[in-house]
Amino acid sequence: GVFAVVLGGAVGSVGAFLVGRYLCRSLVETLARKRPTFRALDDLISERAVTITLLLRLPYLGSLMLNYLLSLTSIDIWTFLWCTVVGMLPGMVFFVYLGSEANDIKSIISKGSSMSESDKVNLALIISTATLFLGVVIALGVYARRRVRAYVELQA
């Protein structure tokens, strides 16, 4: 399951990146230039492509627009690809895990008050894993935004 999701995510991301870089560049540039942080993002990418791309990818949010925005920066396709795969991998593994546990969650919850101790422990582990992952995603998103904002303020 994870391999198929990673492959699909990589192919889709590279496809959007290439469309943004070569086919719709003027449209994507027009949209991006309306955002004041884009120039700072471009500067950050040119200085620290791997770090910034991984930080932006780890939260696993807004991937399609991020592909288009990154296509306008100086990042090369290979760095983009491996940062995309590595950065999106934790989220993909988590969602595949959650999907594989969906039937267990449904069956545990349907038992109601007649849940066994092992069912309760299993449900608690699933919930705590999901909560931990979401906490990390939110923290990384906040950190990435703060880094970009701090850089924008330094450039101003």
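What share of the 156 residues in the protein is buried? The buried residues come to 34% of them. Keep in mind that this is a predicted model.

**View 1. The whole protein, made of helices.** Here we have 6 helices and 0 strands, so the protein, with a radius of gyration of 19 Å against the 15 Å that the globule rule gives for 156 residues, is more spread out than a compact globule. Reading from the N terminus, the order is simply α-α-α-α-α-α. Along its principal axes, the C-alpha trace spans about 60 × 35 × 25 Å. About 9,300 Å² of surface is accessible, and carbon and sulfur atoms account for 67% of that. As for how the chain meets itself, take the contacts between residues at least 6 apart in sequence: 78% of these join residues at least 24 apart.

**View 2. Confidence along the chain, with a look at H1 and H2.** The average pLDDT of the protein is 82, and 95% of the residues reach at least 70. Which elements mark the two ends of the range in mean pLDDT? Helix H1 (residues 2-23) has the highest mean, at 91, while helix H2 (residues 25-33) has the lowest, at 77.

**View 3. Helix H4 and its packing partners.** Zoom in on residues 63-71, which form helix H4. Its buried residues are Leu66, Asn67, Leu69, Leu70 and Ser71. What do they pack against? The partners are H1, H2, helix H3 (37-57) and H5.

**View 4. Threonine 84 in helix H5.** This close-up sits in the helix that covers residues 77-111. Is threonine 84 buried or exposed? Its relative accessible area is just 1%, so threonine 84 counts as buried. A polar atom of its side chain lies 2.6 Å from the backbone oxygen of phenylalanine 80. Setting aside neighbours within four places in sequence, threonine 84 is also in contact with Ser13 and Arg57.

**View 5. Valine 148 in helix H6.** Now move to residues 117-155, the helix that holds valine 148. Why does valine 148 count as buried? Its relative accessibility is 11%, and the cut-off for buried is under 20%. Look for alanine 40 here too: 108 residues separate it from valine 148 in sequence, yet their C-alpha atoms are 6.9 Å apart in space. Not counting residues up to four places away in sequence, valine 148 touches Thr37 and Leu44.

Conventions: Residues numbered from 1 in each chain as written. Predicted model: local features only at pLDDT ≥ 70, side-chain atom pairs only at ≥ 80, totals over all residues. Heavy atoms only, no water. Helix = DSSP H or I, 4+ residues; strand = E, 2+ residues; numbered from the N terminus. Buried < 20%, exposed > 50% of the residue type's maximum accessible area, 1.4 Å probe, protein only. Polar contact = N/O pair within 3.5 Å; in protein donor to acceptor, adjacent residues only side chain to side chain. Contact = heavy atoms within 4.5 Å. pLDDT = per-residue confidence, 0-100. Rg over C-alpha atoms; globule rule 2.2 N^0.38 Å. Areas by Shrake-Rupley, 256 points an atom, 1.4 Å probe, with all protein chains shown as cover.
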